[in-house]
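Work through the exercises below with the model open. Try each task before reading its solution.

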Amino acid sequence: MNFTYLLVDLGAISVPLLASFHPKIALYKNWQMLWPAILLATVPFVIWDSHFTQIGVWGFNPKYLTGIYFFHLPIEEILFFVCIPYACLFSYFCFRVYVGTDYRLKKENTITWIILAITVLLGVIFHDRLYTSWTAAGLTVFILLIKFVFKVKWLSLFYFSHMFLLIPFFIVNGILTGTGPDEPIVWYNNTENMGFRLLTIPFEDIFYGMLMLMLNTFLFEFLMSRYSVEKEESLKPLSVG
């Protein structure tokens, strides 16, 4: 059995997990919201991932896997949806602690419309390619929901933190798609994507990763807000008479 993919997962989460106990960050105090958010977000992505694996949109090189499978997926791939979001939410939470959820980018609306324009364009042009069209449609719909329906206050903070997360994104995804290993750990069927890569990384991975992390952030912030409301209610004095 090979542990390459497993080591990538564990390497991604190890430092953020340990740093969660730093007194100025103390992310561990919010684990009761963090872990449910990650696990809930994992469900749709595992279903999506399993389906695309079974129909050959992408797959995994057994040379780099332990050989343990669940839901037609290697255990390492399922752990990817836990380890990577944890590491990214840790970074997001650090920015949240130091600049607050009221942080606003002057160009938030511009950034949003640029992303939407790109995803809609990709979805239309590559409507016959499953990875491109599904990812473009998913991110388009979700951004529209959080921006105009839920009207979240943390979108600027997400964009800001995500800009920094692109660096580890390229490192991890680069390793998984063949930058370093003799063969890709995760392979892609190029008939189902644009065929354009950044080094070895399919261009769609940028939007797939953004969608995954945006869903995790949405659920985390939702649970955080619910917890805050419940805490405030519990601190209110009981009315008499």
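**Exercise 1. Determine the handedness and the class of the crossing between α4 and α6.**

Solution. Start with the handedness: α4 and α6 cross in a left-handed sense. The model is a predicted one, so every value here is computed from predicted coordinates. Next, take the geometry. The axes of α4 (residues 108-125) and α6 (residues 155-177) come within 10 Å. They cross at roughly 70 degrees. Angles of 65 to 115 degrees count as roughly perpendicular. Therefore α4 is roughly perpendicular to α6. Finally, list the residues that make the contact. From α4 come Glu108, Ile111, Thr112 and Ile115. From α6 come Leu155, Ser156 and Tyr159.

**Exercise 2. Decide whether Ile111 is buried, partly exposed or exposed, and find its contacts beyond four places in sequence.**

Solution. Place the residue first: Ile111 sits in helix α4. Its relative accessibility is 28%. Buried means under 20%, and exposed means over 50%. Ile111 falls in between, so it counts as partly exposed. Now look for partners. Once neighbours within four places in sequence are set aside, Ile111 is in contact with Leu105 and Tyr159. Tyr159 lies 48 residues from Ile111 in sequence. In space, their C-alpha atoms are 8.4 Å apart.

**Exercise 3. Classify the packing of α1 against α3 by angle and by hand.**

Solution. Helix α1 covers residues 4-19, and helix α3 covers residues 75-99. Their axes are 9 Å apart, at an angle of about 30 degrees. Angles under 35 degrees count as roughly parallel. So α1 and α3 are roughly parallel to each other. The crossing is left-handed. On the α1 side, the contact residues include Tyr5, Leu6, Asp9 and Ala12. On the α3 side, they include Glu76, Glu77, Leu79 and Phe80. Tyr5 also has a place in the largest nonpolar core, where it is among the residues with the most contacts.

**Exercise 4. Trace the surroundings of Trp58, starting from the core and moving to Thr53 and Asp49.**

Solution. Begin with the core. The largest nonpolar core has 73 residues. Trp58 is among those with the most contacts inside it, along with Tyr5, Met214 and Phe220. Beyond four places in sequence, the contacts of Trp58 include Asp49, Thr53, Tyr131 and Trp187.

Turn to Thr53, in helix α2. At 18% relative accessibility, Thr53 is buried. Its side chain joins that of Trp58 in a polar contact of 3.3 Å. With residues up to four places away left out, Thr53 touches Trp58, Phe60, His72 and Leu73.

Then take Asp49, which also lies in α2 (residues 31-54). Its relative accessibility is 0%, so Asp49 counts as buried. Its contacts beyond four places in sequence are Trp58, Phe60, Leu73, Glu77 and Phe81. Phe71 is 22 residues from Asp49 in sequence, with 9.5 Å between their C-alpha atoms.

**Exercise 5. Find the backbone atom that the side chain of Ser133 reaches, and say whether Ser133 is buried or exposed.**

Solution. Ser133 belongs to helix α5 (residues 130-149). Its side chain reaches the backbone oxygen of Leu130 at 3.4 Å. The relative accessible area of Ser133 is 12%, so this residue is buried. Outside a window of four places in sequence, Ser133 touches Phe126 and His127.

How values were computed: Residues numbered from 1 in each chain as written. Predicted model: local features only at pLDDT ≥ 70, side-chain atom pairs only at ≥ 80, totals over all residues. Heavy atoms only, no water. Helix = DSSP H or I, 4+ residues; strand = E, 2+ residues; numbered from the N terminus. Buried < 20%, exposed > 50% of the residue type's maximum accessible area, 1.4 Å probe, protein only. Contact = heavy atoms within 4.5 Å. Polar contact = N/O pair within 3.5 Å; in protein donor to acceptor, adjacent residues only side chain to side chain. Core = buried A, V, L, I, M, F, W, Y, C linked by side-chain atoms within 4.5 Å. Axes fitted to C-alpha atoms, helices over the stretch in contact; angles between N-to-C directions. Parallel < 35°, antiparallel > 145°, perpendicular 65-115°, else oblique. Left-handed = near helix turned anticlockwise from the far one by under 90°.
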